[in-house]
Amino acid sequence: MACSQLWASRAASYLRISVFHRGFSNVLKDLMYLDSHEWVKVGENSATVGITDHLGDAVYVELPEVGATVRQGGNFGAVESVKATSDINSVSGKIFGIFKCDGIPQSVNSTAYEDGWIIKVEMSNSGELNNLMDSDQYSNFCEEDSKH
């Protein structure tokens, strides 16, 4: 491994992010992931859901209303990016927070892991978290996905 790659890997480990030799998707170690490229940050009885940067820059985001019910495996909105239009998925529960992108849909990507979350959900079934991927599993999933 080259010196700069070794330094980057050590810095990434310290910052709790994963480094991959590909052109997309930062993967944070303390989040969970869906195979449709959403990330989930788990709270006590809630989850914050966002999209990874895998899809590219968002140009349009369609979101539900606060109070709507979402279920795992069922989409609740859509994001259109420079690459594709994709449904957005979540864990099951009732939405209590919606991201306000203020006419700038790219902000769901540019600050994806800070302020660019999509929804906040009061989870109705925490057992569904067992169906999600951890950061290593998601990284491997993205690697395999990029080969196809």
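Begin by selecting Ser 135, Tyr 138, Ser 139 and Cys 142, which are the buried residues of helix α3. Because they cover an arc of only 100° around the axis, these residues lie on the same side of α3. The model on display is a predicted one, and the tour continues from this helix to the rest of the chain.

**Helix α3**

Extend the selection to residues 135-147, the whole of α3. The helix has 13 residues and reaches 19 Å from its first C-alpha to its last, close to the 18 Å expected at 1.5 Å a residue. Turn the view to the face directed away from the buried side, where the exposed residues Asn 140 and Lys 147 are found. Next, select Asp 134, which caps the N-terminal end of the helix. A side-chain oxygen of Asp 134 lies 3.1 Å from the backbone nitrogen of Asp 136.

**The whole chain**

Now display the full chain in a cartoon representation. Its secondary structure consists of 3 helices and 11 strands. In sequence order the elements follow the pattern α-β-β-β-β-β-β-β-β-β-β-α-β-α. Of the 148 residues in the chain, 44% are buried. Among contacts with a separation of 6 or more, 61% join residues 24 or more positions apart.

**The open sheet**

Select the strands β3, β4, β5, β11, β10 and β7. These 6 strands form an open sheet in the order β3-β4-β5-β11-β10-β7, with antiparallel pairing. The edge strands are β3 (32-33) and β7, each of which pairs on one side only. Within the sheet, focus on β10 (residues 93-98) and β11, which pair in the antiparallel sense over 5 bridges. To inspect one position of this kind, select Ile 98 and its bridge partner in β11, Ile 119.

**Trp 117 and Trp 39**

Move to Trp 117, in the loop between α2 (107-110) and β11 (119-123). Is Trp 117 buried or exposed? Its relative accessibility is 18%, so Trp 117 counts as buried. Add Trp 39 to the selection: the two residues are 78 residues apart in sequence, yet their C-alpha atoms are 8.9 Å apart in space.

**His 37**

Select His 37, which is found in the loop between β3 and β4 (38-42). This residue has a positive phi of about 75° although it is not a glycine. With 7% relative accessibility, His 37 counts as buried.

**Ser 81**

Proceed to strand β8 (residues 77-81), which contains Ser 81. Ser 81 counts as buried, at 7% relative accessibility. Which residues does Ser 81 touch, not counting residues up to four places away in sequence? They are Leu 55, Gly 56, Asp 57, Ala 58 and Val 59.

**Confidence along the chain**

Finally, colour the chain by pLDDT. The average is 79, and 77% of the residues score at least 70. Among the elements, helix α1 (residues 3-15) has the lowest mean pLDDT, 42, whereas strand β7 (residues 69-70) has the highest, 96. Select residues 1-14, over which pLDDT stays under 50; the model has 7 contacts beyond four places in sequence for this stretch. Then select residues 17-23, where the pLDDT is also below 50 and the model has 18 contacts beyond near neighbours in sequence.

How values were computed. Residues numbered from 1 in each chain as written. Predicted model: local features only at pLDDT ≥ 70, side-chain atom pairs only at ≥ 80, totals over all residues. Heavy atoms only, no water. Helix = DSSP H or I, 4+ residues; strand = E, 2+ residues; numbered from the N terminus. Buried < 20%, exposed > 50% of the residue type's maximum accessible area, 1.4 Å probe, protein only. pLDDT = per-residue confidence, 0-100. Contact = heavy atoms within 4.5 Å. Expected span 1.5 Å × (residues − 1). Arc of directions from axis to C-beta. Polar contact = N/O pair within 3.5 Å; in protein donor to acceptor, adjacent residues only side chain to side chain. Pairing = 2+ DSSP bridges.
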